[in-house]
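Got the model open in your viewer? Let's walk through it, one selection at a time.

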Amino acid sequence: MKKTNLLLLLTVFHILVSSCAGNRETVEKLSDHVNPNIGSVHSRWFFYTPAAMPFGMAKLGPSTNGSYGNANGWEAVGYEDNHSSIEGFACFHEFQIGGVMLMPIVGELKTIPGTLENPDEGYRSLYTKENEYATAGFYSVLLDKYNTKVELTATDRVGYQRYTFPQSDESYVLFDIGNQLGESGAVEDAYIKMVDDTTVEGYVITKPEYVKKYQPEATVHMYFYAKLSKPTREVKTFLRGGVMRSQNEIKGAGACLAVKYNTVADEQITMKIGQSYTSIENAKLNYEAEATKQDFDTAKENASLRWNDMLGRIKVEGGRQEDKVKFYTGLYHALLGRGLANDVNGAYPKNDGTIGHLKLDQNQQPAYNYYNTDAIWGGYWNLTQLWALAYPEYYSDWVKSQLLVYKETGWLGDGIANSKYVSGVGTNFTSLAIAAAYNCGIRDFDYQLGYEAALKNEIDGQNRPSGAGKLDVGAFVNRGYCPYIPSDDYFITKQDEGSVFGASHTMEYSFSSYAVAQFAKHLNKEADYQRLSKMASNWENLFDSETELIRPRTLDGSFLTNFDPMAAWAGFQEGNAIQYTFYVPHEPNKLIEKVGQGVFNDRLDSIFIHSQKNTFGGGKTVDAFAGVHALYNHGNQPNLHVSWLFNFSGKPHLTQKWVRTICNEFYGVDGLHGYGYGQDEDQGQLGAWYVMAGMGLFDVKGLTQIDPEFQIGSPIFDRIEVKLNRKYHKGDKFVIEVQNNSPENMYLQSLNKNGKAQQSVSIPFEDVANGGVLKIEMGKEPNLELKQF
């Protein structure tokens, strides 16, 4: 009897296991829709790092021209899909941070990387696209020159590189440490040492261009501790291009170290590289915590699981395959940017160059994580909306990270690289993003300190460090506008009375004043609310009734003469008067009233009709600023809300039309046509815009009003399910069900929220966060009865 029961149990168990295994095979892997190569032609240093965790520190990827330099700190170097050779595989990829490159070599060991035009003069190798594969969390390629396969993956703080060598008595692993990579800036110092026959450690200290501009005394440090799976046979060191020596360590700019092996055919050697921004000791600690019990394949599988879990916060069904690829590749980029900067023990780099320590929880883990970040300029029209909806725990950590810098320096940073100021555009929207987080119910940070920091960011120009941006905010507060002061130097740091971008700053500061005013209202700070609300309308001081455009004013208060509305950079950062006239996201109705609803709609519609001919920006020109002279430029931040303004002007169907068209035509699925052509995809912003548009949810006001709400657009997919975080949201999930959807049926016909029909094309953020179902019916013709309110 017992034997029969045992056999029965084993049979049932086998059936259950087989069934579960079958289910796992049929579950859709969302990472299968991620193609990191999309848009990688002319992309930024941090753009292409397939081997990484979401928001991770270790971000590995191939470098095709990362060593070429970065004269102004933002040029597109790193990896380009149309390049044919690779110089190495770097471990650190962030805004203004790059370093620690490895490369397998077979045969003669050369001391320079060589060039794209002449790869054979150095250690770089040709490769073919057919032998390259990339997805979220993993990268592989076959190097033709060495017949060596390279595979990359990562944990949060440890990079994994596995090389499959051919048979050779001269197989090398090169550690190229002391040379400029990507946006890192010139190398101040470097050090590398072979500690024992399987351990390499070192550091590199750089001075990025944006650090030089905004905090010239500061440097950025990167540390590593690497373990090799096979003891080395011989060690060689050299300074790039210099004499090779048989020694175990080397110091100084240009430092490189190579370990030599005898390998049999298909022999694999794995490097696990612990990374840190604080010390070699903490790099070792990160390695020990994350990598000692994981081999390459386990780490690769765990990376895949993490990516699919994070991508799975938003699940879409229906639509074309290329739509899914655009959607999940965009979401991948949004989750890749702005990486982890603290160690497992809570150590993190402070602004003054010392080491800080995050508070630890009862398990001796950091109570939250600290992150590096590019500027949030434009991020309120994509990233912060996405974070608030599906990744609020990250949004919370981002705010806490910014407040650490504030507590240390007395000012909010804009972009921060290891806590150093790297204000990419010289303005500062951190206060707006903090206010929006609070308004969305993310309040597990010191919001009183957050308010203090946000208010100071809006009104205080006294003794303001250049890295905090908004150096002309005093003029904005006192004059009611920022005067335009012409200059050929776009990075001038002395601009108390005004600036070269006075007009765009006026528009931006008006918007952020509005956001912090709502924050003040929430906290019952009535006097601040009234003051900030008045400042929020300062943009009207630049509205020229004659041209019905935003027009720069000079120091004497007069409008700029010889005014050319299409002239880029003349008072407007990365744009022109036509584009920035629509930069009134917080008070769109006021702008519409000034020109009249009919004129506003006709003008804006004609702009999109014309802009469709040049792919909604710079056409096919491969340049980040190709569209700054255009009527509309989707490839850059100041324009990203404009197609949604029809929701406020009585013609929401035109938002539905143009947003859907931008998704179809501006965004592509190949290396060149990915995010436009000459895009400037700043750490996931354009990708996140597509994600929000693809769901049919967007807020022109960046979730800054006291009771935030989304405007509803034209969802691309038949079903969208957003998994909600119960720590921040009341609901478990929010579902959008779309009937009769197709490429032709782009117009909303009816809306039904939780069983109740509505005529408004808006939905409160709270209703989304509480969970429920929004049912939408689509059709070929607009329903003109649907309105914003």
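Start by colouring domain 1 and domain 2 separately: about 4800 Å² is buried between them, with carbon and sulfur atoms giving 61% of that. Buried area here is the accessible area (1.4 Å probe) that two parts lose on being put together, summed over both. Now show His33, Phe55 and Tyr214 in domain 1, since these lose the most area to domain 2, together 19% of what that side buries.

A word on ground rules: this is a predicted model, where local features need pLDDT of at least 70 and side-chain atom pairs count only at pLDDT 80 or more, while totals for chains, interfaces and linings use all residues. Residues are numbered from 1 along each chain as its sequence is written, and side-chain values use heavy atoms, with hydrogens and water left out.

For the selections, take 32–311 as domain 1 and 313–776 as domain 2; such bounds come from an automatic or database domain assignment. Their C-alpha centres sit 33 Å apart. The contact (heavy atoms within 4.5 Å) takes 53 residues from domain 1 and 64 residues from domain 2.

Next, pick Arg44 and Asp682. Their side chains meet in a salt bridge at 2.8 Å, N to O. The rule wants a side-chain nitrogen of Lys or Arg within 4 Å of a carboxyl oxygen of Asp or Glu, and it finds 1 salt bridge across the interface of domain 1 and domain 2.

Still on the domain 1 side, try these elements, each giving two or more residues to the face that touches domain 2:

- helix H2 (209–214)
- strand S14 (220–228)
- strand S18 (267–276)
- helix H3 (280–290)
- helix H4 (296–311)

H3 gives the most, with 5 residues. Helices (H or I, at least four residues) and strands (E, at least two) are DSSP runs, numbered from the N terminus.

Now jump to Gln573, in the loop between strand S25 (549–550) and helix H13 (577–580). Is Gln573 buried or exposed? Gln573 counts as buried because its relative accessibility is 6%, and the cut-offs are under 20% for buried, over 50% for exposed and partly exposed in between (1.4 Å probe, protein chains only). Draw a distance from a polar atom of the Gln573 side chain to the backbone oxygen of Val425, and you should get 3.1 Å. Leaving aside neighbours within four places in sequence, the contacts of Gln573 include Trp377, Phe501 and His505.

Last stop: Ala626, in the loop between helix H15 (597–611) and helix H16 (652–665). Ala626 counts as partly exposed, because its relative accessibility is 26%. Beyond neighbours within four places in sequence, Ala626 is in contact with Gly618 and Thr621.

Technical notes: A polar contact is a pair of N or O atoms within 3.5 Å; within protein, one must be able to donate a hydrogen and the other to accept it, and residues adjacent in sequence count only if both atoms are side-chain atoms.
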